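Colleague: Hi! I have never looked at this one before. Could you walk me through it?

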Amino acid sequence: MIDIIKLEPLKFYEKLTEVNLDSVIGLLEYSYKNRETIDARLRKNPEDFYVKEVISDEFVQKYSSGNGSYFLYTLEKRELTTFESIKYVSKMLKINARNISYLGLKDKDAVTEQYIVIRSEKKDLPTNLEADKIRLRLVGKCIKGLSKDYLEGNFFRVILRDVNDPDALIKIEKFKELVDKHGFANFYGYQRFGTTRPVNHKVGLHLLREEYEYAVKTLIGVPGIEEDDAKAETKVKYLESDNIDILSNINLGEYEKRVVRYLSKNKHDYKGAIMKLHPSLVRLFIEAFSCYIFNLIVSEMIRERGIERIAELSEDEFFVVPLDKYFAQVEAVAKINEKSNKAKNLKAEIKERRAALAVAIPGYL
């Protein structure tokens, strides 16, 4: 398996246009190799990729009240990142973005619906709020904020267009049979690492190593694969010259601008620049590195056995996690992994989707 200690340092100046992007985020194997493919276009329109977050009814029933200081909203957005949406909401309601929490990041090139919680001492906030690319709807007041314990998953609706293959439906049905029988590798995708600039995990690794200069320069200096030549050249000049003022004249994302403004006034205080970012964003970088390790491990598992025989891997190398509605109950891991006569039943539990193999990976704590 993967020896995390021996991972080579990641170069912050690596040119993304010259590498295989799948390998950059640890996707080294497909779940099913040598299968028939379908030529089609994905995300021709934002509506072609729809995601809706699902939280448990328990949260709404248990914690909703008329007097809480937490306002639970559904946030529908279109062609915006979650961070960009939170910024919009913060400005519209004149509430500090740090008082707005959410469960997960949703795709930018899509129409998505997720839950957010706004902490406010105001007695009332708008019931509905609409602006360009954003719609807020109040669910109710709560006496506590959301946590991932209440996230049940995401509902996806994906539309493929420009399909010219007359056998497309037959191929899809065959593939569905494989997935129903063996499952699939639930890799973390590009969104977790940065869709057009997958560097989040590299920032995370530098933060773990307390290499704040490399973390900052990766965050604001590495060109994205879709950036125009002029912008990319400016970023490269910054990396080569270490002159932060060069970046003041190009269009950057909101959190990148914040870092550049801070460094312009506080030369080379890279740790201070990181501390200017929202804590949830810093956690995202650390978690992205965890996701990179996860992808490497899953890739290695598939390479060793193939997805069809994944459950035959030695239980000694893994935890076995009981599943409830297909989601892991981590607190139960220790009990099921105690030395007992249950070992013979583990493969059956995994095959019947009552348990899953799990590995320990580093987290932001």
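Modeller: Happy to; we can start with the overall make-up and then go through some details.

Colleague: Great. What am I looking at, and how many helices and strands are there in the protein?

Modeller: First, this is a predicted model. The protein has 13 helices and 13 strands. It is made of 365 residues, and 41% of them count as buried.

Colleague: And how much area does the protein expose?

Modeller: About 21,500 Å², with carbon and sulfur atoms supplying 49% of it.

Colleague: What about contacts along the sequence?

Modeller: Among contacts with a separation of 6 or more, 75% are between residues 24 or more positions apart.

Colleague: Let's go inside. Which residues touch the most other members of the largest nonpolar core?

Modeller: Those are L207, I220 and L263, in a core of 26 residues. The elements giving two or more residues to this core are α6, α7, α8, α9, α10 and α11.

Colleague: Tell me about L207. What does L207 touch?

Modeller: Leaving aside residues up to four places away in sequence, L207 touches Y212, A215, I274, V282, F285 and I286. L207 is also one of the buried residues of α6.

Colleague: Is α6 mostly covered or mostly open?

Modeller: Mostly covered: helix α6 runs over residues 200–208, and eight of its nine residues are buried. Among them are H201, K202 and H206, alongside V203 and L205.

Colleague: What covers those buried residues?

Modeller: The cover includes α1, α5, α7, α10 and α11.

Colleague: And what comes just after α6?

Modeller: There you meet E210, in the loop between α6 and α7. E210 has a positive phi of about 60° although it is not a glycine.

Colleague: Why does that deserve a remark?

Modeller: Because most residues other than glycine have a negative phi. E79 is another case, with a positive phi of about 55°. You can find E79 in the loop between β4 and α3.

Colleague: Are those two buried or exposed?

Modeller: E210 is exposed, at 58% relative accessible area. E79 is partly exposed, at 31%.

Colleague: Switching topic: how many aromatic pairs does a search of the whole structure find?

Modeller: Seven. Take F83 and Y255: their ring centres are 6.5 Å apart and their planes are at 70°, so the pair is edge-to-face. F83 lies in helix α3 and Y255 in helix α9, so this pair ties together parts that are 172 residues apart in sequence. Ring pairs also link F83, Y102 and Y255 into a cluster.

Colleague: Can you show me another pair?

Modeller: Sure, look at Y188 and F294. Their ring centres are 5.4 Å apart with planes at 75°, so this pair is edge-to-face. Y188 lies in the loop between α4 and α5, while F294 is in helix α11, so the pair ties together parts 106 residues apart in sequence. Y188 is partly exposed, with a relative accessible area of 30%, and F294 counts as partly exposed at 23%.

Colleague: Last one, back to the outside. Which residues form a nonpolar patch on the surface?

Modeller: L42, F156, V158, L160 and V163 form one, and together they have about 410 Å² of accessible area. L42 is in strand β1, and L42 is partly exposed, with a relative accessible area of 44%.

Colleague: Thanks, that gives me a good place to start.

Definitions and conventions. Residues are numbered from 1 along each chain as its sequence is written. This is a predicted model: local features need pLDDT of at least 70, side-chain atom pairs count only at pLDDT 80 or more; totals for chains, interfaces and linings use all residues. Side-chain values use heavy atoms; hydrogens and water are left out. Buried means under 20% relative accessible area, exposed over 50%, partly exposed in between (1.4 Å probe, protein chains only). Helices (H or I, at least four residues) and strands (E, at least two) are DSSP runs, numbered from the N terminus. Contact means heavy atoms within 4.5 Å. A nonpolar core is a set of buried Ala, Val, Leu, Ile, Met, Phe, Trp, Tyr and Cys residues joined through side-chain atoms within 4.5 Å. Patches are made of residues with over 30% relative accessible area and no salt bridge: like charges are joined within 9 Å, nonpolar side chains (Val, Leu, Ile, Met, Phe, Trp, Tyr) within 5 Å. Accessible areas come from the Shrake-Rupley method with a 1.4 Å probe; for residues, only the protein chains shown count as cover. A salt bridge is a side-chain nitrogen of Lys or Arg within 4 Å of a carboxyl oxygen of Asp or Glu. Rings of Phe, Tyr and Trp (its six-membered ring) pair if their centres lie within 6.5 Å; planes under 30 degrees apart count as stacked, over 60 as edge-to-face and the rest as tilted.
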